[in-house]
Amino acid sequence: MWNDKRAIDLLEIEHPLIQAPMAGPTNPQIVAAVSEAGGLGGLGASGKSLDDLRVTIREIKSLTDRPFNVNLFNRSTEVYDSEARLGPILKELLQSYHSDMGLGPVPDPIPLYGPADKQLEVLIDERVPVVSFHFGVDAQTVATAKEAGAKVLCSATTVSEAILLEKLGVDAIIAQGAEAGGHRGTFQGDYRQALVGAVALVPRVVDAVSVPVIAAGGIMDSRGIVACLALGASAVQMGTAFLGCPEATVAPVWRDALEGAEAESTVVTEVLSGKPARGLHNRYIEELEAIDEPLLPYPSQSAVARELRKEAASRGEASFVAMWAGQGVGLFRRQPAADLVKQLVAESLQLINRLASG
Ligand SMILES: Cc1cc2nc3c(=O)[nH]c(=O)nc-3n(C[C@H](O)[C@H](O)[C@H](O)COP(=O)(O)O)c2cc1C
C-alpha cells in the first residue's frame, strides 16, 4: 500500500501517519483512537506528574493493544530556576490583567514540567513502545530507552541537529519545519536561523541521515502528506490537524479561534513560555512583546501566567489564552480522530495513484 515502509516497519503501524504528542491537548482517548485507526497516537507527557503519567499510560493500554508514543522534553532543558523573579514591568502588566479578570496577585513561578529523568523511568516501567523527545536528547537517555525496548524519536529543526541525533542513536528523526505549531524543537544555535520551512528542510535531512525521517509542520491534509512523502519522508507527524478532533483537550475558545485563522494569524514568539513557539497572535503576545525587559527563563515565563490563562479560557476570552497553531491552520476542520486518520489515508492513497497515472 505504501511505498516507503521504513517508518511503518520501525514503529509497527499500518499507515505513515503520526499524531503529534501535544502536551495539553492529548489524552488516552485521542491516542488510542489514532493508534486503533492504524496511525501512531502520541501523548505529550512533559507536564504530567509521575502518578498521573502512570495512570494515563495504563489507560491508553486499556484502550488499545497497538503501539503508541509518549513524548518528553529534554531533561537538560527542564531545569527549574527557583531564583528567577518577574521584572517590574512584566509584573505590573500581568497584575493589571489579573485585576481586570478579578484575580488575586500574580503567582510565583513553579516547576511546570518534568523531572524528565523520573518521567522516563515511568515510561520504561510501563514498557511504552515508542518514546519521543523535544528540545534534543542525550546519548544516555537514548541508550536507556532503547535498552528497555522502546523505539526512540526526536525532533530536529536543522540538518546539523539531525546529524547529531543520528549519532546519539535515535531510531528516526522528526524534521520539524518552521510551519509547525507549538514549541520549536531547536536545540542548537539561534532559533531564528533554524526556522526552515519543511520543503527546504525535509529533503536535506533525508540526504544527511540514514535513519527514517518523519516530516512535521503545516501538514493538514492528503496534499501535505503526499508532498512530504515525495520529499523523502517515511512518515508525517501532524499536530494542529488533530486539534479539531473532539477527543482532544482543547478549550472551546481556542478551537473556535483556529476555525477562522490563516497562516498569517500565527506567530513564533518567546513570550508564552520563554522558548520560541508558534501560536495564534493575540493581545497577550502583542503587549508582552512590546516590553523592554528580559523575560523569565523557560518555563517560568509560562508558569506565572497559569492562573490568567485558565481563567481566560474558562470565560472564553481569547486575548490571554496560549493558542498554539501551525501555519496550515487555514485547513483546520472538526472531525473525530479515527475518521480523520481514515480520510487522510484514503485521500493520500488516491492522490498517489492519481499522480502515478499521469
Ligand atoms: C498544541 C501543540 C502542542 C505541542 N506540544 C508538543 C509536545 O509536547 N512535544 C512535542 O514534541 N511537540 C509538540 N508540538 C509540536 C508537534 O510535535 C509538531 O512538531 C507540530 O504540531 C507540527 O506542526 P503542525 O502543528 O503544523 O502539524 C506541539 C504542537 C502543538 C500544535
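A277 is found in strand β11, which covers residues 277-280. This is a predicted model, and A277 makes a handy place to start looking at it. Is A277 buried or exposed? It has 22 C-beta neighbours inside 10 Å, and since 20 or more are needed for a residue to be called buried, A277 counts as buried. Leaving aside residues up to four places away in sequence, A277 touches G182, H183, R184, V268, T269, L272 and W324. Two of the residues on that list, G182 and H183, make up strand β7 (182-183). A277 and G44 are 233 residues apart along the chain, and their C-alpha atoms are separated by 15 Å.

G44 leads on to the ligand. What surrounds the ligand, and which residues come closest? The shell holds 28 residues, the closest being G44, G181, G182, G239 and G326. G182 thus turns up again here: it is among the closest residues to the ligand, and it is also touched by A277. As for secondary structure, β7 (182-183) and β9 (235-238) each supply at least two residues of the shell. Sorted by class, the shell has 16 polar residues, 11 nonpolar ones and 1 charged one. Glycine is counted with the polar class here, so the five glycines named above sit in that group.

Stepping back to the whole chain, there are 14 helices and 11 strands. How does the chain's radius of gyration compare with that of a compact globule? For 358 residues, such a globule would come out near 21 Å; the chain has 20 Å, so the two agree. Along the principal axes, the C-alpha atoms fill a box of roughly 60 × 45 × 40 Å. Of the 358 residues, 52% count as buried. Contacts across long stretches of sequence matter for the tally too: among contacts with a separation of 6 or more, 69% are between residues 24 or more positions apart.

One helix pair can be described in some detail. Helix α2 (residues 28-36) and helix α3 (residues 50-63) have axes that come within 9 Å and cross at roughly 35°. The crossing of α2 past α3 is right-handed. Which residues make the contact? On the α2 side they are P28, V31 and A32, and on the α3 side T56, E59, I60 and L63. By class, this contact has 5 nonpolar residues, 1 polar and 1 charged.

A few spots in the backbone also deserve a look. Y298 and P299 are joined by a cis peptide bond, with omega at about -5°. P299 is found in the loop between α11 (283-289) and α12 (300-303).

Then there is E12, which is not a glycine but has a positive phi of about 55°. E12 is found in the loop between α1 (6-11) and β1 (17-19). Is E12 buried or exposed? With 12 C-beta neighbours inside 10 Å, E12 counts as exposed, because the cut-off for exposed is 12 or fewer.

R127 also has a positive phi, of about 50°, although it is not a glycine. R127 lies in the loop between α5 (116-125) and β4 (130-134). It has 11 C-beta neighbours inside 10 Å and so counts as exposed.

Notes: Residues are numbered from 1 along each chain as its sequence is written. This is a predicted model: local features need pLDDT of at least 70, side-chain atom pairs count only at pLDDT 80 or more; totals for chains, interfaces and linings use all residues. A residue is near a molecule or strand if its C-beta atom, placed from the backbone, lies within 6 Å of it. Helices (H or I, at least four residues) and strands (E, at least two) are DSSP runs, numbered from the N terminus. The radius of gyration is taken over C-alpha atoms; the globule rule is 2.2 Å times the number of residues to the power 0.38. Two residues are in contact if their C-beta atoms, placed from the backbone, lie within 7 Å. Axes are lines fitted to C-alpha atoms, for helices over the stretch in contact, and angles run from 0 to 180 degrees between N-to-C directions. A crossing is left-handed if the near helix is turned anticlockwise from the far one by less than a right angle, and right-handed if clockwise.
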